[in-house]
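Here is a walk through a protein structure for someone meeting it for the first time. Have the model open and follow along.

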Amino acid sequence: MFSIGRFAVENLETGCVTDEKKPSFTWYVDSDAEGTAVESARISVNGWTWQGKDPIVSYEGPSLRPFTAYTAELTVQGNHGESAEKKITFRTGRMETPWTGKWISDASYTFTEKKVSPVPMVFRKNFTPKGKIRSAFLYATALGIYEADLNGTKLGDRYFAPGFTSYKTNLEYQTYDLTPALREGTNELLITAAGGWAVGSFVFTRVNRQAADRQAILCELRITYEDGREEVIGSDESFEVTENGPVRMADLYDGETYDAQVDLSKADFHKASPETLRVHPRIMEDLGSPVRVRQILKPVSKTKVGDEWIYDFGQNFAGVVHFKVDGKAGQHIVVRHAEILNADGTLNTKFLRTAKATIDYTCRDGVQEYAPRFTYMGFRYISVRGADDIKITAYVLSSDLRRTGSFICSNEDLNRLEQNIEWSSCSNLMDIPTDCPQRDERMGWTGDINVFSPVACYLFDMSRFFKKWLLDVKAEQLRTGGIPNTVPVNGYGFPATMPEMAIDFWGDACVSVPWNEYEARGDVRILKDMYPVMKKYVDACRRWAGIGVGLHRYIWNTPSVLHFGDWVAPDVPKMQQWQARSKWTATASLCHTSDLLARTARILGYEKDAETYETVSKKTGEAYQKILTDGNGTLENEFQTGYVLPIHYHMFDEAAHRKAVENLDRMIRANDYRIGTGFPGTPYILFALADNGKADTAYRMLLNTKCPSWLYEVKMGATTIWERWDGLSEDGSCRISDDGTDMMISYNHYASGAVGDFFYRRIAGIEKTEPGYHSFTVKPLIGGGLTFAKGQVETPYGVIESAWRIQDREFSLTVKVPVGTACTVVLPDGTRKQAKSGTHVFTAALQK
Ligand code: BGC
């Protein structure tokens, strides 16, 4: 069968509304016939036709008009005379059409209290259509987070609109198709706006009013009548507003307070007022991956502990509860959330720090349902007080990302680890890449996504998510070139001590994220867009390295308190000790980012830059070897990350490289194969071993169940990836004491899940040799007693699969090769084979 596997605009197959002047089309064909190739492909839209074979096509036709529906047609011819076609429709958004509506708020609402979130506002507009409607669209945004309802029904299915961006520069708006829901006579549009990130209390210091003094909304309803007349109703003083709606309190960390007894029709609505904003962002159509319900979970157990019911969902995740109850007016139901339990079976909420993560619901009479809309929590357990008979489920929330990758193997513990990685990704890809979903952070920590982005790009199509987030990275870059530790900054950014600084590994995300996304999807535009940012950042790093105390111009030796160093390394107990390793981690980071920058420059044709940064990278590597080791690859005070980075980044000469590998291997054996790396070393340690002849050590480390190790967490019942390797002791208690991090203990942090990359690229063996997997190798690394492994990844050309099995000392491998790609298969005995598109089976005898 020759068919279109995927045809998308701006990476969406349906529902795309875009302000892009040159939207991109992506497509591929599926075929089960061997050796199929695309002869020619054609995309026609708006009187423009493209012809070629590239899987990513940028629209180059006549200017697109705003507020317009377009249909694009794809026709593909195969080399065996087959053909296939598909159509998609998309809409353009406002495309910078000036807003008829104006920003409105409630001038009578003043809110000056610190560390809390404002009372949610409800805006109301009643309107009557003036004839038969052909179409009606609502365009809306807010400072704060909002939800719109038309005639009592929620519009759309996303959470936390308009999304989290760097509000001083970028703000998204959403488009809602009201056509089917509008009725003759009076219609009621309600918009509830809570504080969210822009106005509400956020970051661990609980700062509020970051982007605005109180919530404000901007919207416009555009109606086209059957007879061609147009009507535009913009937000203005004819809208009404009240703070006396049913949502009494909403805060991202603290939860929601809801009074179901409130009758909104009787609330004290008064005239909304025009609002002058402090920020003047570009307002653009949604371009990321909005948060939606990904899955619904049912509790697996319910236990009475004292006066509360403890429910266990059997899975740690990010989301909200949903309940149905037959209540009495005034009855209070309080739901609290936690990731772990205390020994007595009650919730352990200590590590949420200031986040109250509590739902306080007041019932009206009768059967009622409720799920919070303006908050979320990270939890596995809940405590319910005030209702014995209640039907509870949970909505798992996450950015709506298309799943592209999977991995499974014969070891059930590794499969659980893979699932934990997936759960932690969903929990932390929440409109922006966050560190954790439960405590008073949930911030866009750059270091976390720096290490995790290869895995994210394998598991999901991250293109839209990263496109949006990188706009903020660009917006937040300092004049001096540094990248704030959290993007969007929204109340945090840099340690106050050194606000102009570039910080290794964390800031590196501005280089690694575009690079990893480019590698995964092959769309060079992300590199073009980000190149100036990447270059400015690497220049800043060079400068900071250059002014380091004494030593050498390529040794980045600024005071360790300004770095995170070997963050959460389990072999030393204190934060200051992780930071004290920053000379090594920062120097390695400079070597790596300058190397990626040089490669990017080469791709973009900036030859001079390519040479310059190649030299920086080389000299930095040499300096590390010469000054930070004994000159021959041995560290005076050995630590795993100190070897992993130079080995993986190829920073040393050959002899020193070999020595470093031996040193690392020796250290790991002496440590009983337990891991000792922090954020910087964890993603690469298994590669550093396996790629240098130490596959056995790599597998033993991966499969180790002694603390600290990946499978220790699994053995302890983890259902997500922990922030701290030793998050729970064998007896189930948490023994981490004051280590300088203010009880920084989360059970849902994806950073050390970066090991997933090893599953896909080494165990399943799928390794791209050209961006977007245009060419790739399949070279499974057998070991660890595994008898079966399968990896799949949907690439811009279609789905690649590598599935291997060992039976009776015979190795067999099934490889699926997408149309338009070239695959080299390397069998365990070293035999190399070329595979064309189609499905192929290879076998090899294994040595005794
Ligand atoms: C976050 C981390 C982050 C780190 C940097 C923590 O509180 O949760 O994941 O990268 O701070 O210091």
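What follows goes from open and closed spaces to aromatic rings, then to one helix and one strand residue.

Keep in mind that this is a predicted model. Let's start with empty space. Rolling a probe the size of a water molecule over the atoms shows where such space is left. The largest pocket comes out at a volume of about 930 Å³. Its lining takes in 35 residues, and if you want to find the middle, look for E10, E20, L287, K467 and D529, which lie nearest the centre. What kinds of residues make up that lining? By class, there are 17 charged, 12 nonpolar and 6 polar ones. Several elements chip in with at least two residues each: the strands β2 (17-18), β3 (24-31), β6 (56-58) and β23 (282-285), along with the helices α3 (463-476), α4 (509-521) and α5 (525-546). Of these, α3 gives the most, with 7 residues.

Now for the closed spaces. The model holds 5 cavities of 30 Å³ or more. The largest cavity has about 120 Å³ of space in it, and R6, T26, R402, T795 and P796 are the ones nearest its centre among 13 lining residues. Two elements, β3 and β39 (788-795), give two or more residues to that lining, with β3 giving the most, at 3 residues. The lining splits into 5 nonpolar, 5 charged and 3 polar residues. In the second largest cavity you'll find about 40 Å³ of space. Its walls include A338, E339, F351 and Y747, and the lining has 6 nonpolar, 2 polar and 1 charged residues.

Next, the aromatic rings. There are 50 aromatic pairs in all. Take F164 and W197: their ring centres are 4.6 Å apart and their planes are at 5 degrees, so the pair counts as stacked. This pair links distant parts of the chain, since F164 sits in the loop between β13 (153-154) and β14 (170-177), while W197 is in the loop between β15 (187-194) and β16 (216-225), 33 residues apart. Are these two buried or exposed? F164 has a relative accessible area of 1%, so it is buried, and W197 is buried too, at 4%. For another kind of pair, try Y361 and Y370, which are tilted, with 4.8 Å from centre to centre and 35 degrees between the planes; both are buried. Back at F164 and W197, ring pairs join them with Y159, F160, Y167, F202, Y253 and Y376 into a cluster.

Helix α10 (residues 654-670) makes a handy check on geometry. Its 17 residues should span 24 Å at 1.5 Å a residue, and the C-alpha atoms at its ends are 24 Å apart, which agrees. Its buried residues, among them A656, H657, V661, L664 and I668, pack against α8 (607-628), α9 (640-648), α11 (685-690) and α12 (695-703). After the helix comes D672, with a positive phi near 60 degrees.

Finally, find I800 in strand β40 (residues 798-807). This residue counts as buried because its relative accessibility is 0%. Which residues does I800 touch, leaving aside neighbours within four places in sequence? Its contacts include I766, Y773, F776, V793, K816 and P818. With I766, 34 residues away along the chain, the C-alpha separation is 8.2 Å.

How values were computed: Residues numbered from 1 in each chain as written. Predicted model: local features only at pLDDT ≥ 70, side-chain atom pairs only at ≥ 80, totals over all residues. Heavy atoms only, no water. 1 Å grid on protein atoms, 1.4 Å probe; cavity = no way out; pocket = protein on both sides within 12 Å on 5 of 7 lines; lining within 4 Å. Points joined across faces, edges and corners; volume = space filled by probe spheres on them. Helix = DSSP H or I, 4+ residues; strand = E, 2+ residues; numbered from the N terminus. Nonpolar A, V, L, I, M, F, W, Y, C, P; charged D, E, K, R; others polar. Expected span 1.5 Å × (residues − 1). Buried < 20%, exposed > 50% of the residue type's maximum accessible area, 1.4 Å probe, protein only. Contact = heavy atoms within 4.5 Å. Phe/Tyr/Trp six-rings, centres within 6.5 Å; stacked < 30°, edge-to-face > 60°.
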